[in-house]
Each structure stands twice: as structure tokens, then as C-alpha cells.
Amino acid sequence: MAGSAAQRKELDATTHLTNPALHSFWEEVFLGQADIAVLHGGRSSSKTRDTACQLVRLVDHVGVKMRVLCIRRFQNRIQDSVYTELKWAIAHLGLSKAFDVQKTTIIHRRTGAEFIFYGIERNLEDIKGTSDVDTLWVEEAEKLTEEQWTVIGPTIRKEDSLAILLFNPKLVTDYVWKNFVVNTPPHCVVKQINYTSNPFLSSKALRDIAAMQERDPELFEHVYRGVPLGDSELSIFKRRWLDACVDAQKVLKVSLTGRNIIGFDPADDGEDNSATADKIDGVFVDAEDWASGKDELVQNAKKVWAKAKHAGATVSYDTIGVGAFVGGYIDEQNQTDGSEVEHYAFHAGGAVMDPDKPSDALNDNSPLNKDEYLNLKAQAWANTARKAMLTFNAVTRGHPIKPEDVLSFSSAMGAKKLDALFTELCVPWWVESEGKKRVVPKLKLKKDLGVKSHNLADAVIAADNVNITAGPAVAMFLTKRHR
């Protein structure tokens, strides 16, 4: 959006009313050649209020009729949108007489320029049909999907139109983070800002922030410093660890051995998919998930049985819910076919193994397993994450590593499949229950972030935690089922 000397003068004249730390950013956005402007960072950084002020000033100053489309993921009421922030900005800038603030829109009296508001989830088709948009403001852009952007992006097709994306990073694998921050497209201006650059924070706000930093420094980094999950200490897996695990055995020139395992996370209907992860000769060579219709558990079990038979592998399956019946179905197939496909029940919700041993075998002062982890699932995720970290250190820093601690994923799986798998592994974080670590519940993931169940990741964990009994790794034993 190219600018003029008059626009520069306007920016300079009211800097004291907005955050000076963002003045050069807005100057580059409004007076340069930007098509997209991205502001990201932690909470209390002034992103939303500053954007509201800048757009109110822009509409009042340019002297032409404009359309500013303001959208966010959910908007059940107009008050849920940035409507309230724009009302505040109009009053803050002393421009109340210049705007007609109506119940569902805001109109500039002199030019007829208007702010319009939509929620993405319920109004995507209406947004798609919106035309003649000069500026698009996407609030909470961290929740924007590639499919949604494909629909929304073309609304700003006019020459000199501008899209402004604001967000507090959630996941290192989010579409907006990957495609606008990590891989910034041409004519896109990106700026990170945190609370430390907000001169308008109250003393109470600063005290609250300091309290979180003291109480929970990892969560503080995510909430107030804008570090996305999957790239912070809060996450169980770090994406950089997993990226280093691709073909790790080749990079490290080590031979991996071990029983062939097919990890199986079963489902029979609903939103959950069934998933498998194939660990062959110590390397994950494939992972897949598929939708399951009602009462298809038997067919899914037969599919996994056939895969295991072909690979000479053992099936390690999650017994939570419908999974409790998988062993019986595999035994039926064995009896019918005359085969001997072995299977192990992974009791994810069960008690930890080696409860009275240190959770870190290299540190006798570490908490005992029974005091560190709520259940076997948490213990297993911690074990595989630890292997990912050790592999990362070996690959990138030359640290020594035992072959049994190497976590490797074959590049032959393809970039798309690896990205989907690594995304699922990076999403969950630690939460506490009864003072112990547990993997964040899937219902909370869906409610808070809109993230679907991590079935591929659970299949990997089931495959990677069979009969681990020695060395610094967390001890596991998954009961062999004979029926």
C-alpha cells in the first residue's frame, strides 16, 4: 500500500497516542509496497489496539470510501469482534464526531468508508462473496487454516489492498506461523512484539505477568513471549528434534535392530481416525490413518493383522475404549489363517512401569516414575521424546548415542506424511494431575485449539514402547496377550 508525504505527516503527528515501538512497522506497511502485514507475539503487547488506532486514522485520513473487512474465527455477537476495540480507538484518537458507530457496523461520516465484521466459522461463504475490500484485518490468525486462507485471501484482490494478520502463536506447525513467519512470502512485512515493548501497560498487568514468569516460566514463554508450542519447553516434542530424526541411522552411520512393530491406535466411528505406525528394523518406515465407519473395528483389526503378517511384525495396540477387543480379533484371524501374529496390549491409562525407579536413569536424584508420571501414556511419551532429543543432539552436535536410543523416521515416507506425523507429535504438551505429568487430554486440545486427535502420534508411541527394559530409557513392558 504505497503512501504519500501527507500520510507520513499523519503518522508522525499522532505517534504519542499509539505504541512508538510499532511506528516504523506501520510506516513500512502503509507507505511501502506491502500486500500483507503480520504482527505476532505474546499477550498484552498492544497488537490489537494499535491496529485499531492505525486503521481508524487511515480511514479518517485518506478521504475516499473504503471497506475494511474485520474477521476472526468465532463471532457469536458483534462484541466478540474487534468492533469494541475500534470504538475505543475512535474515542482515544478524538474522532467520535467523524464516525457513525452503529450496532453492527462503523461508518465514516464524510467518506462513507465502513468497517464490516464476520466470524470465519459461520460466515466463510459470506466472506468469500464480499467484494471491493480495501483492507482485511484477521484477528486470532493463528487459527487460520490453509483452506480458509484459500477462500479469504482473494477478497483483497484490489490494487493497493492490504491484509493484516494478528496472532498470538499457538503451534509451531500452524499454517500462519509456517507460511508467513517462517517462510515469509514476497511483499509481506512481519513484526514480533511482546509486552516488554508496550508502554501503556498498567502496574497491575506487569505484576500479573511477573507472577506467571515466577510461577510457570515455560508457560510464560508461550503466553507472554509468543514462543509457539512445539518450539518451547512446554511442548513434549520439539519440531527441531524430529526434523533431525529423519534418516538418523544413516546420518549417524549406526545399525538399528529390534523386533518389527506395527503400532495401532484403533477407532470404530466418530471423529477419531484409526492409525498405524510401522517400525521395521528399528526405523519408522510408514504411518497412515483412515476414517472408520460405525462397527468397522473388526475390519480395521484384520487390516492391521494382514500388515503385521506381511512384515513379520508384532502389533502393539492401545487398549483404551474399543482397543480392548483388538487382541481377540487378531487371535481369531490367527486361528482362521493358521498364522502366529503376536500382539501386545499397550495400557495407556494404566500404571507406570518400574514405579520405584528414578524417572531419569542417569540421575538418581530425579523423581521416581510413580511420582513423575500419572500413567503409562505419559511415561511412554516422555521416553520417545527423550530419544528424539538424544538423536537431535547426536545428529546436530556430535554427542555420543547408543543405538537403542536412536529415533529414526525414513525419508521415504515423503515430506507430506512426515509433516503430518511430526505435527501431531509436536501438538501435545504436559499438564499436571495430582501433581504428576500427563499428556494434555484430547478433549482439551479440541476445545482450546480446535486440534483433532493425534492418532498417528499415538500409534508411534505404541510402536516405540514395547519391551524397553534396559539402559537410560524409561522402562516399559507391554503385556503379551494369549487368548
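**Note on the packing of a predicted model**

1. Setting aside neighbours within four places in sequence, Phe409 contacts (heavy atoms within 4.5 Å) Leu242, Cys245, Val246, Asp247, Val283, Phe284, Leu418, Leu421, Phe422 and Leu425.

2. This is a predicted model, in which local features need pLDDT of at least 70 and side-chain atom pairs count only at pLDDT 80 or more, while totals for chains, interfaces and linings use all residues. Residues are numbered from 1 along each chain as its sequence is written, and side-chain values use heavy atoms, without hydrogens and water.

3. The largest nonpolar core (buried Ala, Val, Leu, Ile, Met, Phe, Trp, Tyr and Cys residues joined through side-chain atoms within 4.5 Å) has 42 residues, of which Phe237, Leu242, Trp381, Phe409, Leu421, Leu425 and Trp430 touch the most other members. At least two residues come from each of several elements, including strand 10 (273–280), strand 11 (283–291) and helix 16 (415–426). Helix 15 contributes the most, eight residues. A second, separate core of 37 residues includes Val59, Met66, Val82 and Phe117.

4. The protein has 18 helices and 15 strands, taken as DSSP runs numbered from the N terminus (helices H or I, at least four residues; strands E, at least two).

5. Of its 483 residues, 53% are buried, meaning under 20% relative accessible area with a 1.4 Å probe, protein chains only. Cys53, at 2% relative accessible area, is buried, and so is Cys426, at 1%.

6. No disulfide (a pair of cysteine sulfur atoms within 2.5 Å) is found in a search of the whole structure.

Note on methods. Buried means under 20% relative accessible area, exposed over 50%, partly exposed in between (1.4 Å probe, protein chains only).
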